Protein chains: 2
Amino acid sequence: MELKAYLAARQKEIDRALHRFLPKENARPATIHRAMHYSLFAGGKRLRPIICLATAEACGGSVQAAISLACAVECIHTYSLIHDDLPSMDNDDFRRGRPTCHKAFGEGIAVLAGDALLTIAFEIATSAPPAPRYSLRHFMREIASGAGSRRLIAGQVADLEAEGQAISRAELRYIHENKTAALLTTSIRLGAMSANASAQRLDAMTEFGESLGLAFQVIDDILDITQTSEQLGKSAGKDAAAKKATYPAVMGLEKSRAEALRLTNKAHRALEPLGAGAEKLHALAGYLLQREY
Amino acid sequence: MELKAYLAARQKEIDRALHRFLPKENARPATIHRAMHYSLFAGGKRLRPIICLATAEACGGSVQAAISLACAVECIHTYSLIHDDLPSMDNDDFRRGRPTCHKAFGEGIAVLAGDALLTIAFEIATSAPPAPRYSLRHFMREIASGAGSRRLIAGQVADLEAEGQAISRAELRYIHENKTAALLTTSIRLGAMSANASAQRLDAMTEFGESLGLAFQVIDDILDITQTSEQLGKSAGKDAAAKKATYPAVMGLEKSRAEALRLTNKAHRALEPLGAGAEKLHALAGYLLQREY
């Protein structure tokens, strides 16, 4: 219950900051700003920015120093959802219980709204104060590489290409590492960098991010086949219908559940060097695993 | 003739730098990197980066300090072409005499290749050395705002929305100011900033960019109706077919030609404070106007 209150408070804080960073909804041209607001304020859980802020605090930093980096990551996450939902990609009609951006605004505007959110992410990140060990250059490179053609976009490409193919467990892992774990790890690393984490600490947080990100995606794969569209707030069973590569498809449901548990335990272990300071991060990882899957 | 040799030499220099900054074509996943190379090395004139470098030199700076900013702008320009060509936007099959990115790689990969080029632009720009008056923060904000939802993307949105509509000359100017002049002005401003230009000098270069950018777009509008697809290296007559808002459509061909000339003269006048140092910029502006229109 305490965690729920924490999540709600952080969500509000992040929403307020995003509203500050974004042009007003009626700024000219209104269509694009309405579309950006529509997707960015669609009731997302703000998981990535929350974990960025929690990491900053666990590493002795502040919300204030990390908030613009957290918001930048959320804009990138939202852009990637808008483009992933397009007919030429996953072709999804619903997201978070409402029509997807292209269903509401048309495909052209959806492509541009994604582009605009990706662009503004870098603008927002310029507000981050440098830490002694990390300058704006480090922050920018972290974001660009996490979101780039060898990480986030690589995952989406590999996912597109795997559709309808029989793929190996290694290939599936490559997709999930990049499609999901990359940006989550970037959020966590940015939080740690904003708190001036040592190289050793940053490595530990990177392992935390990668394990947590993989666990999160395995669970998402499972939920797609075990839950209804209503429970998910998006179309259920889409992965199977699109012959997507998923953990349940490659290794079966029970082994996928065991894998999710193994990865989450690995994530918890990565936090050990932080001691009591990592309490919130443990709680967040637990929260992700305890979704009913 | 001297200018042609200059352009060719600069084009080579920029291509070499872009090859250095980009992942290899066969980097995993190969599809996305092949698509990025396909569009980025399609024989573009490199007008924006060339004018960025020429501005840096005219303001007493160096190619070395400006080259990564110049390459960042070219990546943004190429991403915007890939996305503009999509079926949901301008629906163009040819670009620079070859199939457009989505025709060659499919729509999903074309969306992602555009995303990847936009992302890598910000990564490339982090290599720019700061000038006394301008830090990486200034460079990043310049790029993000020039490419963002109130400039480059605003122009594309307004252009999409104007299709088939009767629009005023003021609205047409808004489209062209943002769709074309914004990124050209950003290139020029980045060149001036890399050379540590004073605020006054930067203002003059901004006016140069805006006038030149508008002139360039008016000429493009004219060429679309006066040249063949072969001459253009892209589909001719598309603007009229798509009921696009263009200068010839709004004010007729002769008045459009006069407007192009007026704007180019304004661009030349903006360079006056730079004296003899602006010789190359005058030549470049002349070259743009002297395209046969």
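This tour moves through a predicted model from its overall arrangement to its interface, its core and selected backbone features.

**The two chains**

Begin by displaying chain A and chain B together. A turn of 180° with a shift of 0.0 Å along the axis lays chain B on chain A with an RMSD of 0.0 Å. That is the relation of a two-fold axis.

**The interface**

Next, select the residues through which the chains touch. Chain B contributes 42 residues to the contact and chain A contributes 42 residues. On the side of chain B that touches chain A, at least two residues come from each of helix H2 (30–40), helix H6 (107–125), helix H7 (136–147) and helix H8 (152–162) of chain B. Colour H6(B) separately, since this helix gives the most to that side, with 12 residues. Colouring by class then shows 23 nonpolar, 11 polar and 8 charged residues on the side of chain B that touches chain A. Of the interface residues of chain B, 100% are also interface residues in chain A, so the copies meet through the same surface.

**The nonpolar core**

Which residues have the most contacts inside the largest nonpolar core? Select Ala113(A), Ala121(A), Ala113(B) and Ala121(B), which hold that position in a core of 187 residues. In soluble globular proteins, nonpolar side chains tend to be buried together. Now centre the view on Ala113(A). Leaving aside residues up to four places away in sequence, Ala113(A) touches Ile32(A), Ala35(A), Met36(A), Ser39(A), Ile82(A), Cys101(A) and Phe105(A).

**The cis peptide bonds**

Move to Pro29(A), in the loop between helix H1 (2–21) and helix H2 (30–40) of chain A. The peptide bond that joins Arg28(A) and Pro29(A) is cis, with omega about -5°. In chain B, select Pro29(B), which lies in the loop between helix H1 (2–21) and H2. Here a cis peptide bond joins Arg28(B) and Pro29(B), and omega is again about -5°.

**Positive phi angles**

Select Asn91(A), in the loop between helix H4 (63–84) and strand S1 (94–95) of chain A. Although not a glycine, Asn91(A) has a positive phi, near 55°. Is Asn91(A) buried or partly exposed? The residue counts as partly exposed because it has 15 C-beta neighbours inside 10 Å, and 20 or more are required for a residue to be buried.

Finish at Arg46(B), in the loop between H2 and helix H3 (47–58) of chain B. Arg46(B) is likewise not a glycine and has a positive phi of about 60°. With 23 C-beta neighbours inside 10 Å, Arg46(B) counts as buried.

Key: Residues are numbered from 1 along each chain as its sequence is written. Chains are lettered from A and ligands numbered from 1 in the order in which they are written. This is a predicted model: local features need pLDDT of at least 70, side-chain atom pairs count only at pLDDT 80 or more; totals for chains, interfaces and linings use all residues. Copies are superposed by least squares on the C-alpha atoms of residues with pLDDT of at least 70 in both. Two residues are in contact if their C-beta atoms, placed from the backbone, lie within 7 Å. A nonpolar core is a set of buried Ala, Val, Leu, Ile, Met, Phe, Trp, Tyr and Cys residues joined through C-beta atoms within 7 Å. A residue is buried if 20 or more other C-beta atoms lie within 10 Å of its own, exposed if 12 or fewer, and partly exposed in between; C-beta atoms are placed from the backbone. Helices (H or I, at least four residues) and strands (E, at least two) are DSSP runs, numbered from the N terminus. Ala, Val, Leu, Ile, Met, Phe, Trp, Tyr, Cys and Pro count as nonpolar, Asp, Glu, Lys and Arg as charged, and the others, Gly among them, as polar.
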